[in-house]
Amino acid sequence: MNKRIAKAKTTKKAEPKSVTANTGAGASAQEEETVKAVEASTQKTKKEAKEYTLYLQYQNREYNMADLTKQILEKCEEEKMDSADLCIYVKPEDGKAYYVCAGGSSSVAL
């Protein structure tokens, strides 16, 4: 049996040109307009973001998650923990909210 192997043709692809390659005065005005447009859309997004209240109801009890988060952040500050990457685990059956952050871990009573 003769097997024929087709060779793939290689073509040179054109590389995309840099948008910032134009260093004329018109480019800086265009860049400023682009920056302004991005800032405007970011502000619009921030205005559209709404805050919601989250409650956890468990066995005839109700827990406000905003209040719980505030309590945990205050405790982190008292204990001088870095709360930048804070994770909260609510366990109503234990009556506690456990939290973990860069500064350590602890819990608060619900």
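Helices (H or I, at least four residues) and strands (E, at least two) are DSSP runs, numbered from the N terminus. These legends describe a predicted model, in which local features need pLDDT of at least 70 and side-chain atom pairs count only at pLDDT 80 or more, while totals for chains, interfaces and linings use all residues. Residues are numbered from 1 along each chain as its sequence is written, and side-chain values use heavy atoms, with hydrogens and water left out.

**View 1. Asn60 sits in the loop between β1 and β2.**
Welcome to the first close-up. The two strands on either side of this loop are β1 (55-58) and β2 (61-64). Asn60 has a phi near 65°, which is positive even though the residue is not a glycine. With 85% relative accessibility, Asn60 counts as exposed (exposed is over 50% relative accessible area, buried is under 20%, and partly exposed lies in between, with a 1.4 Å probe and protein chains only).

**View 2. Lys80, in the loop between α2 and β3, also takes a positive phi.**
Here phi is about 55°, again in a residue other than glycine. Is Lys80 buried or exposed? Its relative accessibility is 76%, so Lys80 counts as exposed.

**View 3. β3, β4 and β5 make an open antiparallel sheet.**
The strand order is β3-β4-β5, where two strands pair if DSSP finds at least two bridges between them. At the edges are β3 (87-91) and β5 (104-109), each of which pairs on one side only. On average, neighbouring strands of this sheet are turned by 20° against each other, direction ignored (axes are lines fitted to C-alpha atoms, for helices over the stretch in contact, and angles run from 0 to 180 degrees between N-to-C directions). Five bridges link β3 to β4 (residues 96-101) in the antiparallel sense; Ile88, for instance, has Tyr99 of β4 as its bridge partner. On the other side, β4 and β5 run antiparallel and are joined by six bridges. These two strands form a hairpin with two residues between them. As background, the strands of a sheet pair through backbone hydrogen bonds, either parallel or antiparallel.

**View 4. Lys96 of β4 faces its bridge partner Ala109 in the pairing with β5.**
Lys96 has a relative accessibility of 35%, so Lys96 counts as partly exposed. Although Lys96 and Ser107 are 11 residues apart along the chain, their C-alpha atoms are separated by 6.4 Å. Which residues does Lys96 touch, leaving aside those up to four places away in sequence? They are Tyr89, Val90, Lys91, Ser107, Val108, Ala109 and Leu110 (contact means heavy atoms within 4.5 Å).

**View 5. Helix α2 lies across β3, β4 and β5.**
The helix covers residues 65-78 and runs at about 130° to β5. Met65 belongs to α2 and, at 15% relative accessibility, counts as buried. Beyond residues up to four places away in sequence, Met65 touches Leu54, Leu56 and Val90. The C-alpha atoms of Met65 and Tyr55 are 5.8 Å apart, with the two residues 10 apart in sequence.

**View 6. The largest nonpolar core has 10 residues.**
Its members are Tyr63, Met65, Leu68, Ile72, Cys76, Met81, Ala97, Tyr99, Cys101 and Val108 (such a core is a set of buried Ala, Val, Leu, Ile, Met, Phe, Trp, Tyr and Cys residues joined through side-chain atoms within 4.5 Å). Two elements, α2 and β4, give two or more residues to this core. The largest share, four residues, comes from α2. In soluble globular proteins, nonpolar side chains tend to be buried together.

**View 7. Cys76 and Cys87 illustrate a count of zero disulfides.**
A disulfide is a pair of cysteine sulfur atoms within 2.5 Å. Why is there no bond at Cys76? The closest cysteine sulfur, in Cys101, is 4.2 Å from the sulfur of Cys76, which is too far for a bond. Cys76 is buried at 1% relative accessibility. Not counting residues up to four places away in sequence, Cys76 touches Met81, Ser83, Leu86, Tyr99 and Cys101. For Cys87, the closest cysteine sulfur is also in Cys101, at 9.0 Å, again too far for a bond. Cys87 is partly exposed, with a relative accessible area of 36%.
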